[in-house]
Each structure stands twice: as structure tokens, then as C-alpha cells.
Amino acid sequence: MKTNMKATTRFTLAVSSLLLALGAPACAAEQEHSHDHGAQGAAADATAVDEFVNAEVRAIDSDKAKLMLKHEAIPKFNMNGMTMSFRVADPKQMEGLAVGDKVRFMPDRVNGQYVITKIEKLQ
Ligand SMILES: [Cu+2]
């Protein structure tokens, strides 16, 4: 019995580190829920639903097609609200945006990078 328990613990650790190695969102690691074993985040990625997320524009880098957004929680990434940088898939959608604008956007992950697939200015 003792050996079995040891094996289970080792397996759990292996899975946890594997999930970390697979790149659980960097932002999720900043969350203070230390009992989140990472499996939740992976499940959230698998059942991703496209939903708009509200945000405020904090900085605009037109050359690199990047936006710094203060966004609300993103359930599909298991991510809390925070300020972070996103690449904009279609830089044309950045036109007309200004720092301080309230927006809503659809986030996605491409090659481990956070990308905005759609962004709209809110009135
Ligand atoms: Cu974030």
C-alpha cells in the first residue's frame, strides 16, 4: 500500500510539472490560488468559448501591432483581470483606438502568445 501511495504522488507531481512545461498561462501563475493544480487551466483551454472581454486601452504600439490592455477576467484562460500586452491579429482593428478607450475584445492563444482576434471600441 505504501509503495502505491508513493507512486501516485510521484505521478501527480509528474503531471503537474508536465502541465507547467506545456505552458499554463503565465498570467494564471500569478494568481494567488496555490491549490489550483493546473489541471483546471488545461480544461478551460480545451472548452474555450469565444466571448468578448471588456478592457481599457493602456498603451498602443502600432509598429509591433500590440496593445496593452487592462482587461477583465478571461474565463477561457482561467485568467484574472490584469493589465497585459496582446498582439492584434489584424492591425487594422487598432485604427481609431486611443489610450483610455473602453473596448471589448476576443482573446485567443496562438503558439503560446496571447492574440486579439477581434476588438471593438465601446461607446
Ligand atoms: Cu491577462
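**Figure 1. Surroundings of I116 in strand β5.** In this predicted model, I116 is placed in strand β5, and I116 counts as buried because 24 other C-beta atoms lie within 10 Å. Leaving out residues up to four places away in sequence, I116 touches L67, F86, V88, A89, F105, M106 and P107. A further relation across the chain links I116 with P91, the two being 25 residues apart in sequence and 9.7 Å apart in space, C-alpha to C-alpha.

**Figure 2. The largest nonpolar core and the contacts of L67.** The largest nonpolar core has 15 residues, and those with the most contacts inside it are L67, F86, F105 and I116. At least two residues of this core come from each of β1 (53-61), β2 (66-71), β3 (82-88), β4 (102-110) and β5 (113-121). When neighbours within four places in sequence are set aside, L67 is in contact with V57, I60, F86, V88, M94 and I116.

**Figure 3. P91 in the loop between β3 and β4.** P91 lies in the loop that runs between β3 and β4, and P91 counts as partly exposed because it has 14 C-beta neighbours inside 10 Å, a residue being called buried when there are 20 or more such atoms and exposed when there are 12 or fewer. From C-alpha to C-alpha, P91 is 9.0 Å from K64 in space, although 27 residues separate P91 and K64 in sequence. The C-alpha distance between P91 and I116 is 9.7 Å, with their positions 25 residues apart in sequence.

**Figure 4. The five-stranded barrel.** Five strands close into a barrel in the order β1-β2-β3-β5-β4, with mixed pairing, and the twist from one strand to the next averages 55 degrees. Among the pairs in this barrel, β1 and β2 are antiparallel over six bridges, β1 and β4 are antiparallel and joined by four bridges, and β4 and β5 are antiparallel and joined by eight bridges.

**Figure 5. Strand β1 between its partners β2 and β4.** On the side of β2, E56 stands opposite K70, and V57 has L69 as its bridge partner. On the side of β4, N54 stands opposite R104, while A55 stands opposite V103. In a regular strand, side chains alternate between the two faces of the sheet. V57 is also one of the residues in contact with L67.

**Figure 6. The hairpin of β1 and β2, with A65 in its turn.** β1 and β2 form a hairpin that has four residues between the strands. A65, which lies in this loop between β1 and β2, has a positive phi near 55 degrees although A65 is a residue other than glycine. Most residues other than glycine have a negative phi. A65 is classed as partly exposed because 18 other C-beta atoms lie within 10 Å, whereas 20 or more would be needed for a residue to be buried.

**Figure 7. The hairpin of β4 and β5, with N111.** Two residues lie between the strands in the hairpin of β4 and β5, where N111 takes a positive phi near 50 degrees. The two strands run antiparallel and are joined by eight bridges, and the bridge partner of D108 is V115 in β5.

**Figure 8. N78 in the loop between β2 and β3.** N78 is found in the loop between β2 and β3, where its phi is near 55 degrees, a positive value in a residue other than glycine. N78 counts as buried because it has 21 C-beta neighbours inside 10 Å, the threshold for that class being 20 or more.

**Figure 9. The whole chain and the confidence of its prediction.** The protein chain has three helices and five strands, which run from the N terminus on as α-α-α-β-β-β-β-β. Of the 123 residues of the chain, 16% count as buried. Among contacts between residues at least 6 apart in sequence, 48% join residues that are at least 24 apart. The mean pLDDT of the chain is 77, and 60% of its residues reach 70 or more. Over residues 28-47 the pLDDT stays under 50, and for this stretch the model has 22 contacts beyond four places in sequence.

Terms used:
Residues numbered from 1 in each chain as written. Predicted model: local features only at pLDDT ≥ 70, side-chain atom pairs only at ≥ 80, totals over all residues. Core = buried A, V, L, I, M, F, W, Y, C linked by C-beta atoms within 7 Å. Contact = placed C-beta atoms within 7 Å. Pairing = 2+ DSSP bridges. pLDDT = per-residue confidence, 0-100. Axes fitted to C-alpha atoms, helices over the stretch in contact; angles between N-to-C directions.
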